[in-house]
Amino acid sequence: MHKRELMLFVLVFIFIATFATLSARLTRKANASSLTGASVTLANSRMSYKAAVSAGSSGSSVVTITTGGGYENTNHLFPGDVLCFTDAGQNGCIGNTTYTVAGIPAGGVTITLTSPLANNLDTSGYAVATQSSGWTLAFTTVAQVPIGGSLVITVPMADSAKGANAIPDTTGSLSTSGFDLSTLGPSNIIVSAGCTPTSWGTSDMATIATGSGTTDHVFTWARAGSICAGSTAITVLIGGPGMVNPAPITSGHTQGTADVYGITIQTKDGGSNVIDSSVPRVAPVEAVLISATVDETLSFVVGSPPGGAQTYCGAQTYIATTATSVPWGHFVAANTFYYAAQTLTVSTNAISGYSVTIEESDQMGKNGNTCTGTAPSGTDDYTFTSGKICIRDTVCTASVCSESIAYDWVTAASFPGLGYSLASISGTDAPFFYNEKNRTWSAKQLADKTQGGETANIIMSNSGPVSANSIYVCYKITIPGNQPSGYYYNIAKYTATATF
Amino acid sequence: MVKNSKFKTKIAGVYIVFAYLLIRSFVYSGSARAQEVSLSIAPPITELTIQPGRAFSQTFTLKNDGIPVTVVAKIFPFVPLDRQGHAELIEDAASVGAFTGWFTFDPTPVSIGTTGSHNFIVKITPPPRAEEKDYYFTFIAEVQNDNNLGVNNSQAQARIGANILISTSKDGNPGKKASIIEFSAAKIIDSFSGLTYKVLIGNSGASFFKPVGKITIDQIFGSTTVLNLTPLNILVGGSRQISCVQGEEIISCKLPGKFLIGIYRSNLSFTIDGSGASIEKQIYTIAFPFSIVLGLITIFVIYRMIRKLTS
């Protein structure tokens with residue numbers, strides 16, 4: 001072989017060898033890309049609580065914390081949270097006992113508990129309220145994952161911490177802080193969808209490499225059985241007790257601002273070369289306590305429904321009222337019924353309920369006459385004691401209705417006067433109704449407390465809390481043809497009180 | 001041409017905004033609210049045990065969500081109207097006058113605008129020689145109406161009240177005594193009829209109290225159901241029908257379940273205000289499926305009749 005031919009051969013060999021080597025490497029790098037649509041969803045994104053204990057003695061329900069070392073004040077702790085008090089080494093809860101937060105007094109360093117401490121607390125220990133969460137990780141492969149390849153998820157763990165003791169961890173920076181694995185096992189970390197889940201890992205379950213304090217938590221699923229094609233949506237679930245969210249980092253953290261962690265998701269080939277990868281973020285943040293105090297109260301509304309051609313209590317054509325008056329106006333015709341209505345609405349959160357009574361100041365006296373007694377003293381329907389002229393309270397029928405007994409009132413000419421009936425709008429708080437007992441217009445008198453010695457009558461009541469229960473109070477009046485002319489009036493009083 | 005089109009668009013826009021504002025001002029305005037007298041009072045009940053001669057101040061907050069009103073504060077004694085906790089105000093001058101020295105508050109009319117509120121501060125001072133017993137009052141906020149409308153009318157006057165229950169006691173420990181006036185249920189029931197209890201508790205002591213307790217229902221086959229009593233005030237010398245409570249909901253004292261069978265032992269037990277000796281009473285009820293037996297007998301009789309007719 002000539003020298004020139006030998007050199008040519010060597011050059012060709014070097015060229016081919018270099019090409020082969022580089023193409024193998026560069027081709028893989030060119031294929032590696034970001035997993036599309038990668039996301040991590042935490043069912044509970046609230047940060048865990050961790051504070052340094054300052055004082056807490058057996059028998060006391062008060063614990064004091066210190067914010068020294070960058071640990072939290074009590075702003076991120078709420079009534080109902082469950083607290084575990086650890087020793088300095090964070091070896092579980094002292095006395096294997098947890099406590100419930102009763103209240104957070106002002107000042108930021110005091111916690112009151114619903115039950116007294118069973119043990120003295122370690123003043124070098126911690127008060128922790130663990131927040132755990134199930135995770136849902138979703139992504140779509142770009143390139144295929146071959147048989148023998150794998151899916152690898154890496155979750156940051158706090159440096160130099162006990163990363164699987166169910167006690168939340170934290171450090172001074174995001175790069176060294178992370179999640180606690182709690183008691184998660186392989187069956188809690190599974191591929192739930194995508195490329196036949198049972199072909200991932202051991203029947204969809206992960207192999208768990210718990211972080212050491214210098215390494216992070218790693219979950220691995222070897223691919224077996226079949227290739228997982230590109231563009232396949234994969235879902236990974238972390239269930240069971242869930243991952244323990246970290247406490248806020250102890251340096252540079254602003255309460256209310258999330259600490260953001262990256263979760264690394266990778267697909268690999270059989271040679272552990274990364275095919276695709278992505279680093280979706282999770283952002284645990286402090287919860288916000290929303291609180292309000294509701295006072296016990298009673299609310300009462302007197303309203304005036306529209307007048308005119310309306311139907312309330314089964315009768316039509318109503319005189320328009322206001323919330324403070326029933327202006328009958330000028331009676332155009334005698335022996336004719338006129339109607340008016342008001343609405344009453346009650347709300348109360350008092351456990352014993354409420355009642356509304358109705359009474360009148362007197363019967364409708366001419367020019368404010370005093371109408372002594374409950375009925376006219378004369379033979380007519382309008383002359384009371386001492387010749388005082390009034391529009392009387394109706395007696396409804398020959399059976400005589402009163403302020404406490406209702407009867408059907410249908411004949412205007414025979415039974416003149418003023419009366420009322422009730423109908424429900426919301427709830428069933430009225431004690432009687434216009435159409436009860438198959439009556440046309442079941443009515444009562446207004447209780448004449450002052451001049452008649454009658455007792456105010458209950459027109460609404462309920463034995464428990466109610467929200468906007470309401471009724472119509474329907475008034476009805478008719479005068480005889482010989483009722484003396486004049487200006488007649490009285491006052492109907494509604495009194496709403498809570499039941500004692 | 002283009003300019004003209006733009007101008008028209010602008011004009012149309014102005015019209016739309018104007019129409020929207022016009023409609024909104026009429027349709028969505030608070031006119032409904034403006035026609036109402038709407039008052040709220042808090043707290044609706046005040047319970048007080050106090051030594052004669054001592055003073056206690058209570059603030060009643062009156063809120064107005066309706067038309068502007070002028071309100072006058074009054075205090076009336078009350079007596080129980082029935083066994084459901086309703087009060088009957090005693091408004092005659094003599095009864096009211098007997099307690100004028102007990103209360104100090106501003107009786108002058110107060111104007112409260114829409115969404116406004118007013119705090120009525122009531123200083124309660126039972127005189128040193130007041131008899132050691134219970135006194136019951138209602139603080140009333142009464143709306144003042146315009147007089148003389150000039151036409152025949154019935155004025156409607158709204159009043160809202162808060163009850164004040166006062167026990168006067170020199171040692172702060174007034175004698176409280178309860179009795180079970182009635183604890184009953186049907187002795188024999190059909191399995192489908194349900195088991196409803198009537199609980200009537202009386203107060204024979206010197207101070208009002210609340211019964212704190214339950215009805216425990218044991219079924220002969222072992223199941224136990226508990227109905228909690230509603231802690232309602234029972235006033236001195238009176239009695240009160242007690243309902244049951246489930247969470248925050250007031251319910252009738254009724255054994256839940258669609259089919260009851262066997263012997264049910266029901267035990268009413270309660271203490272006065274949650275402390276002291278328990279007061280108890282037991283009753284028994286037999287539940288039997290009478291309706292099913294009756295149905296079977298009917299079917300059997302009809303079957304026999306049909307067989308007779310066809311044979």
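This passage walks through a strand in chain A, the contact between chains A and B, and a residue in chain B. The model is a predicted one, and the features below are read from its computed coordinates.

Strand β5 of chain A, residues 82–86, makes a convenient starting point. Because 4 of its 5 residues are buried, β5(A) is largely enclosed by the rest of the structure. Strand β5(A) has pairing partners in β6(A) and β8(A). With β6(A), which covers residues 93–103, the pairing is antiparallel and extends over 4 bridges. Within this pairing, Leu83(A) has Tyr99(A) as its bridge partner. The two strands form a hairpin, with 6 residues between them. In that turn, Gln90(A) has a positive phi of about 55°. Turning to β8(A), residues 126–129, this strand also runs antiparallel to β5(A), and 3 bridges join the two. Here Thr86(A) of β5(A) is placed opposite Tyr126(A).

Attention can now move to where the chains meet. In total, 49 residues of chain A are in contact with 42 residues of chain B. On the chain A side, the elements that contribute two or more residues are β19 (298–303), β22 (325–327), β23 (338–348), β30 (457–462) and β32 (488–498). Of these, β32(A) gives the largest share, with 11 residues. By residue type, the side of chain A that touches chain B consists of 25 nonpolar, 21 polar and 3 charged residues.

Strand pairing also crosses from one chain to the other. Strand β19(A) pairs with β1(B), which spans residues 37–42 of chain B, in the antiparallel sense and over 5 bridges. One of the residues involved is Phe300(A), whose bridge partner in β1(B) is Leu39(B).

Further along chain B, Ile272(B) offers a view of a single residue and its surroundings. Ile272(B) belongs to strand β21 of chain B, which comprises residues 262–272. There are 22 C-beta neighbours inside 10 Å of Ile272(B), so this residue counts as buried, the threshold being 20 or more. Once neighbours within four places in sequence are set aside, the contacts of Ile272(B) are Lys176(B), Ala178(B), Phe209(B) and Pro211(B). For one of these, Ala178(B), the separation from Ile272(B) is 94 residues in sequence, while the C-alpha to C-alpha distance is 7.2 Å.

Terms used: Residues numbered from 1 in each chain as written. Chains lettered and ligands numbered in written order. Predicted model: local features only at pLDDT ≥ 70, side-chain atom pairs only at ≥ 80, totals over all residues. Buried ≥ 20, exposed ≤ 12 C-beta atoms within 10 Å, placed from the backbone. Contact = placed C-beta atoms within 7 Å. Pairing = 2+ DSSP bridges. Nonpolar A, V, L, I, M, F, W, Y, C, P; charged D, E, K, R; others polar.
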